[in-house]
Amino acid sequence: STILFPDLATLGAHAQPYTYGRRGTPTSKSLEDAICALEGGARTVLLPSGLAAVTTALLAVLGAGDHLLMVDSAYEPTRNFCNGELKRCGVATDYYAPGADIAPLLKPNTRAVFCESPGSLTFEVQDIPAIARAAHAHANGRGGASVLMDNTWATPLLFDAIGHGVDLSIQALTKYVGGHSDLMLGTVTANESHARRLAA
């Protein structure tokens, strides 16, 4: 995790992109760039697990007083995070059926809609373009609701989440990218409008 600097002035000036291994290395940046290219996004961040990717994406768009629409077929630890940590932080979560029309479920404070398609264990496929249209058109005083999607099962090779209107596409790289379930890794890829928010 040690990064070498040519001199003390460079270290003090933060004049190079890599300062500490946990914050990234040229190798991790190359993986982020490769995933970003596959996703067709503007920015990808690498996380230590799929669940860390889910929680990072949610925390990038939600705050106290906000409302989240979460698909009912979501990965159980995602559901636990919503019912535990997000609730404790003042975020209300309602669950919707994977095939539901979300428009009537949107509230004035709905800030995000979370999709998972195919869904964990039950494998329902959601109409992502329709969900994205309804969420983005939502009059919440903040330019619509963000659309997040756990795209682990399809990956960007089988479903272009960003191209179909998703703002933040999430993957557990533990699955297909790792190939053997012998690593823990996750990514979140943002479209252009959410790249800065994700990086913060």
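**Exercise 1. In this predicted model, classify aspartate 33 as buried, partly exposed or exposed, and work out which residue it pairs with in a salt bridge.**

Step 1. Aspartate 33 has a relative accessible area of 40%, and since partly exposed covers the values between the 20% limit for buried and the 50% limit for exposed, aspartate 33 is partly exposed.

Step 2. The salt-bridge partner of aspartate 33 is lysine 29, and the closest N and O atoms of the two are 2.6 Å apart, which satisfies the criterion of lying within 4 Å.

Step 3. Lysine 29, at 36% relative accessibility, also counts as partly exposed.

Step 4. Both residues belong to helix H2 (residues 26–39), and because they are four residues apart in that helix, about one helical turn separates them.

**Exercise 2. Describe the salt bridge between arginine 88 and glutamate 85, stating how far apart the two residues are in helix H4 and whether arginine 88 is buried or exposed.**

Step 1. The closest N and O atoms of arginine 88 and glutamate 85 are 2.8 Å apart.

Step 2. The two residues lie in helix H4 (residues 76–88), three residues apart, so that about one helical turn separates them.

Step 3. Arginine 88 has a relative accessible area of 62% and is therefore exposed, whereas glutamate 85, at 38%, is partly exposed.

**Exercise 3. Determine where in the chain lysine 107 and aspartate 94 lie, given that their side chains meet in a salt bridge.**

Step 1. The N to O distance between the side chains of lysine 107 and aspartate 94 is 3.0 Å.

Step 2. This pair links distant parts of the chain, since aspartate 94 sits in strand S3 (92–96) while lysine 107 sits in the loop between strand S3 and strand S4 (110–116), 13 residues apart.

Step 3. Lysine 107 is partly exposed at 36% relative accessibility, and aspartate 94, with a relative accessible area of 31%, is partly exposed as well.

Step 4. The salt bridge of lysine 107 and aspartate 94 belongs to a set of four found by a search of the whole structure.

**Exercise 4. Compare the span of helix H3 with its expected value, and explain why this helix is largely enclosed.**

Step 1. Helix H3 (residues 50–61) has twelve residues, and from its first C-alpha to its last it reaches 17 Å, close to the 16 Å expected at 1.5 Å a residue.

Step 2. The buried residues of H3 include Gly50, Val54, Leu58 and Val61.

Step 3. Because nine of its twelve residues are buried, H3 is largely enclosed by the rest of the structure.

Conventions: Residues are numbered from 1 along each chain as its sequence is written. This is a predicted model: local features need pLDDT of at least 70, side-chain atom pairs count only at pLDDT 80 or more; totals for chains, interfaces and linings use all residues. Side-chain values use heavy atoms; hydrogens and water are left out. The expected span of a helix is 1.5 Å times one less than its number of residues. Buried means under 20% relative accessible area, exposed over 50%, partly exposed in between (1.4 Å probe, protein chains only).
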